[in-house]
Amino acid sequence: GIGMVDLGNIESARAQSRQSMLELNRKVNSVTKEVRESYLRSLSFDRKLEETMSKVDSAAEELRLAQMR
């Protein structure tokens with residue numbers, strides 16, 4: 001009867017809801033992973049930039065000393 005149709009609709013809606021939540025969780029996990037990877041890349045770039053700046057400073061100091069001779 002009608003009760004069985006309603007029950008079937010409710011179960012179908014629950015299944016769709018669970019599927020939507022699983023998809024949302026997958027997307028959240030994917031975005032979280034991308035953000036984490038981007039952050040780690042930015043740390044690496046920052047470290048390389050600091051190393052490069054240090055080398056530039058050293059080279060500038062060596063040039064200054066060489067010009068004084």
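In this predicted model, Lys33 and Glu37 form a salt bridge, with their closest N and O atoms 3.8 Å apart. That distance qualifies because a salt bridge requires a side-chain nitrogen of Lys or Arg within 4 Å of a carboxyl oxygen of Asp or Glu. Both residues belong to helix H1, where Lys33 and Glu37 stand 4 residues apart, or about one turn of the helix. Lys33 is partly exposed, at a relative accessible area of 48%. Glu37 is partly exposed too, and its value is 36%.

The count for the protein comes to 4 salt bridges, and two others can be described in the same way. One of them joins Arg14 to Glu11, whose closest N and O atoms are 3.1 Å apart. How far apart are Arg14 and Glu11 in helix H1? They are 3 residues apart, so about one helical turn separates them. Arg14 has a relative accessible area of 47% and is partly exposed. Glu11, with 36% relative accessibility, also counts as partly exposed.

Another salt bridge links Glu23 with Arg26, and here the closest N and O atoms are 3.2 Å apart. Glu23 and Arg26 are again residues of helix H1, with a spacing of 3 residues, about one turn of the helix. Glu23 is partly exposed at a relative accessible area of 33%, and Arg26 is partly exposed at 46% relative accessibility.

The next topic is the charged side chains of the whole protein. There are 12 positive and 11 negative side chains. The centre of the positive set and the centre of the negative set lie 4 Å apart.

Not every feature of the surface involves charge. Met21, Leu24 and Val28 make a nonpolar surface patch of about 260 Å². Met21 is found in helix H1, and Val28 lies in that helix as well, which covers residues 2–68. To belong to a patch, a residue needs over 30% relative accessible area. Met21 meets this cut-off because its relative accessible area is 45%, which makes it partly exposed. Val28 meets it too, since Val28 is partly exposed with a relative accessible area of 43%.

From these details one can turn to the overall fold. Which helices and strands does the protein have? It has 1 helix and 0 strands. The C-alpha trace spans about 100 × 10 × 5 Å along its principal axes. The distance between two chosen residues gives another view of the chain: Met21 and Arg47 are 26 residues apart in sequence, and their C-alpha atoms are 39 Å apart in space.

The radius of gyration can be compared with that of a globule. For a compact globule of 69 residues it would be near 11 Å, whereas the protein has 30 Å.

What share of the 69 residues is buried? Buried residues make up 1% of them, where buried means under 20% relative accessible area. The accessible surface of the protein totals about 6,400 Å². Carbon and sulfur atoms account for 59% of that surface.

Methods: Residues numbered from 1 in each chain as written. Predicted model: local features only at pLDDT ≥ 70, side-chain atom pairs only at ≥ 80, totals over all residues. Heavy atoms only, no water. Patch = residues over 30% accessible without salt bridge, like charges linked within 9 Å, V, L, I, M, F, W, Y side chains within 5 Å. Areas by Shrake-Rupley, 256 points an atom, 1.4 Å probe, with all protein chains shown as cover. Helix = DSSP H or I, 4+ residues; strand = E, 2+ residues; numbered from the N terminus. Buried < 20%, exposed > 50% of the residue type's maximum accessible area, 1.4 Å probe, protein only. Rg over C-alpha atoms; globule rule 2.2 N^0.38 Å. Lys, Arg positive; Asp, Glu negative; His and termini not counted. Charge placed at Lys NZ, Arg CZ, Asp CG, Glu CD.
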